[in-house]
Amino acid sequence: MKHTVLKDKHIVLGVCGGIAAYKSVELVRRLKKLGARVRVIMTESAARFVGPMTFAVLSENPVCRDLFDDQDEAAIRHIDWAEAAQAVIIAPATANTVAKLASGIADDALSTFMLAVTCPVMICPSMNSNMFEHPATQRNLDRLAADGCQILAPGVGELACKTTGPGRLPEPEEIVDRLISFLTPDDLAGKRVLVTAGPTREAIDPVRFISNPSSGKMGYAIARAAENRGATVTLVSGPVALPPPLNVDVVPVVSVEEMAQAVFARVDQADVIVKVAAVSDYRPAISEPHKVKKGEGDIQLTLTRTTDILKSIGQRKRDGQILVALPPRPVTWRPMRARRLSPSTWT
Ligand SMILES: Cc1cc2nc3c(=O)[nH]c(=O)nc-3n(C[C@H](O)[C@H](O)[C@H](O)COP(=O)(O)O)c2cc1C
């Protein structure tokens, strides 16, 4: 599912002199892929970490570094860009720039531009944990939040400076997800949405099962979209290889029976139920407790019906509750083709 909220949006990305500046390169690429028009303003320190040329090429726009640079068409660029901007992201935001913005200091291109901005602003602080937890930085972030900026909390983990704690710049995918959420109207606020996704597995024995190739992508995208629109989302998911969507309560299950129990326990509280899971209609009548040994002859597998989750929900659906069931999309199975290396690849 492709997000359209960023399509043709004028987004200005401010990049500061932090070790995570390299991640902003990928951020530009992702924003462009979603159709955004991106302009980059770098601080002088940022240019010591990543070359402006990289941002210029990826954003397809000149990069602004110097307030007094008169190389391009815009005479008062910090005002022109601020008036055109529909959203601003500062990533990474250094402790220094956070402090300047909180105090209204305008002594370089980025901080001067920020004073002229009137559109939504998302600030992604990234720094050493002690710098982040310093009362001055916390005070400055609180002040920026009070001024209406969205502050994206940094991740916790091992940092480039080898300390462990808060301060890590979230991955570009998460930043884009939060930006989409920030710019999307919360028209589902107060609604509870229950989504099911992915395949189920029905055990033949401890090492074999019946399943299907559902990737879970559609259900995960629906859960993300509902969360972006302000809903409280629960995602009951079969085994998939997808990262859990942010701010979504994920309930992992394996078999139809587990999915049925997880859904039945939550369905009455839900305002909207979206069933996208590819649920097995049949399961082996007997699930062997030990691995079935190979023999000479054929074996028979007797299958029995599983719980019909959709039918049960349909029967207990209350007035005003919305139930959506999407049939699984057929997947074309293709054998993996062996890749031939060309001789030049070997050298
Ligand atoms: C190797 C190195 C890494 C740095 N990483 C960070 C960082 O991740 N976050 C931060 O707030 N400052 C970091 N700094 C310090 C900033 O670069 C410094 O405070 C600078 O004045 C920030 O300028 P700016 O806010 O104009 O970009 C780092 C400095 C060095 C030398």
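A polar contact is a pair of N or O atoms within 3.5 Å. In this predicted model, T97 makes such a contact with the ligand, as a polar side-chain atom of T97 lies 2.6 Å from a ligand oxygen atom. S45 also offers a polar side-chain atom, at 3.0 Å from an oxygen atom of the ligand. At G17 the polar atom belongs to the backbone and is 2.7 Å from a ligand oxygen. The ligand exposes 640 Å² when taken alone, and the protein buries 64% of that area.

The ligand is surrounded by 14 residues, of which G17, T43, T94, A95 and T97 are the closest. Eight residues of this shell are polar and six are nonpolar, while none is charged. Helix 4 (residues 95-103) supplies the largest share of the shell, with three residues.

Side chains of opposite charge can pair when their charged atoms come close. The model contains 16 salt bridges. One of them joins the side chains of K100 and D108, with an N to O distance of 3.2 Å. Both K100 and D108 are buried.

A network of salt bridges links E173, D177, R178, R224 and E227. Within the network, D177 pairs with R178, and their closest N and O atoms are 2.8 Å apart. The side chain of R178 also meets that of E227 in a salt bridge, again at 2.8 Å from N to O. This second pair connects distant parts of the chain: R178 lies in helix 8 (residues 172-183) and E227 in helix 9 (residues 217-228), 49 residues apart. D177 and R178 are buried, and E227 is buried as well.

Key:
Residues numbered from 1 in each chain as written. Predicted model: local features only at pLDDT ≥ 70, side-chain atom pairs only at ≥ 80, totals over all residues. Heavy atoms only, no water. Near = heavy atom within 4 Å. Polar contact = N/O pair within 3.5 Å; in protein donor to acceptor, adjacent residues only side chain to side chain. Areas by Shrake-Rupley, 256 points an atom, 1.4 Å probe, with all protein chains shown as cover. Helix = DSSP H or I, 4+ residues; strand = E, 2+ residues; numbered from the N terminus. Nonpolar A, V, L, I, M, F, W, Y, C, P; charged D, E, K, R; others polar. Salt bridge = Lys/Arg side-chain N within 4 Å of Asp/Glu carboxyl O. Buried < 20%, exposed > 50% of the residue type's maximum accessible area, 1.4 Å probe, protein only.
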